[in-house]
Amino acid sequence: MPKGRIRVRLKSYDSRVIDACCQQILDTAIRTGAKIVGPVPLPTQRSVYAINKAPFVEKNHRDHFQICVHKRLVDIISPTDKTIDSLTHLELPAGVDVEIKM
């Protein structure tokens with residue numbers, strides 16, 4: 001039985017997709033008998049871009065675009081071998097970046 005914890009960090013542009021992934025990870029870990037802390041919502045990273053509408057005279061006419069990166073953190077405490085095996089074979093939707101630290 002491995003000791004320690006597994007820290008899973010998720011990033012996505014869509015908050016609904018990342019919440020669904022967190023729920024899948026929670027269900028898998030609980031089913032295999034591990035204890036869980038989370039999901040903890042981390043601060044959302046926002047990037048705003050201003051683009052000119054007109055090339056020359058109309059400098060004040062701009063379009064603003066925003067990209068939000070949503071983040072979640074899940075700690076799996078006292079994982080079993082079955083937990084690690086089921087997490088590696090978990091099918092998550094596209095568009096979610098998963099970082100796992102042991």
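# A guided walk from one loop residue to the core and back to the surface

At 32% relative accessibility, Ser78 counts as partly exposed; that label covers the range between buried (under 20% relative accessible area) and exposed (over 50%), with a 1.4 Å probe and protein chains only. The model is predicted, so local features need pLDDT of at least 70 and side-chain atom pairs count only at pLDDT 80 or more, while totals for chains, interfaces and linings use all residues. Residues are numbered from 1 along each chain as its sequence is written, and side-chain values use heavy atoms, leaving out hydrogens and water.

Let's stay with Ser78 for a moment. You will find Ser78 in the loop between strand 3 and helix 2 (81-88); helices (H or I, at least four residues) and strands (E, at least two) are DSSP runs numbered from the N terminus. What is the sign of phi at Ser78? The angle is near 50 degrees, a positive value in a residue other than glycine. For context, most residues other than glycine have a negative phi.

From this loop, step inside to the largest nonpolar core, which has 14 residues. Such a core is a set of buried Ala, Val, Leu, Ile, Met, Phe, Trp, Tyr and Cys residues joined through side-chain atoms within 4.5 Å. Val8, Leu10, Ile25, Val74 and Ile76 are the residues that touch the most other members. Strand 1 (5-12), helix 1 (15-31) and strand 3 (62-77) each bring at least two residues to this core. Which element gives the largest share? Helix 1 does, with six residues.

Leu10 is a good place to look around. Setting aside neighbours within four places in sequence, Leu10 is in contact (heavy atoms within 4.5 Å) with Ile18, Cys22 and Ile25, with His70, Lys71 and Arg72, and with Val96, Asp97 and Val98.

Two of those partners deserve a visit of their own. Lys71 lies in strand 3 and, at 13% relative accessibility, counts as buried. Not counting neighbours within four places in sequence, Lys71 is in contact with Arg9, Leu10 and Lys11, with Ile18, and with Val40, Pro41, Leu42, Pro43 and Gln45. Arg72, also in strand 3, is buried at 13% relative accessibility. Residues up to four places away in sequence aside, Arg72 touches Val8, Arg9, Leu10, Ser15, Ile18, Asp19, Cys22, Val40 and Pro41.

One contact of Arg72 is a charged pair: the side chains of Arg72 and Asp19 meet in a salt bridge at 3.2 Å, N to O. A salt bridge here is a side-chain nitrogen of Lys or Arg within 4 Å of a carboxyl oxygen of Asp or Glu. This pair links distant parts of the chain, with Arg72 in strand 3 and Asp19 in helix 1, 53 residues apart. Asp19 itself is partly exposed, with a relative accessible area of 38%. Asp27 offers another reference point, since its C-alpha is 16 Å from that of Arg72, and the two are 45 residues apart in sequence.

The structure holds four salt bridges. Among them is the pair of Arg16 and Asp14, whose closest N and O atoms are 3.6 Å apart. Arg16 is exposed at 64% relative accessibility, whereas Asp14 is partly exposed at 28%. Asp63 also forms a salt bridge with Lys53, at 3.7 Å between the closest N and O atoms. Asp63 lies in strand 3 and Lys53 in the loop between strand 2 (35-52) and strand 3, so the pair ties together parts ten residues apart in sequence. Here Asp63 is partly exposed at 31%, and Lys53 is exposed at 55%.

What about the cysteines? A search of the whole structure finds zero disulfides, a disulfide being a pair of cysteine sulfur atoms within 2.5 Å. For Cys21, the nearest cysteine sulfur is that of Cys22, 7.1 Å away. Cys21 counts as buried, at 0% relative accessibility. For Cys68, the nearest cysteine sulfur is again that of Cys22, 17 Å away.

We end at the surface, where Tyr13, Tyr49, Ile51, Phe65 and Ile67 form a nonpolar patch with about 560 Å² of accessible area together. Strand 2 and strand 3 each supply at least two residues of this patch. Ile67, for one, is found in strand 3 and is partly exposed at 38% relative accessibility.

Methods. Patch = residues over 30% accessible without salt bridge, like charges linked within 9 Å, V, L, I, M, F, W, Y side chains within 5 Å. Areas by Shrake-Rupley, 256 points an atom, 1.4 Å probe, with all protein chains shown as cover.
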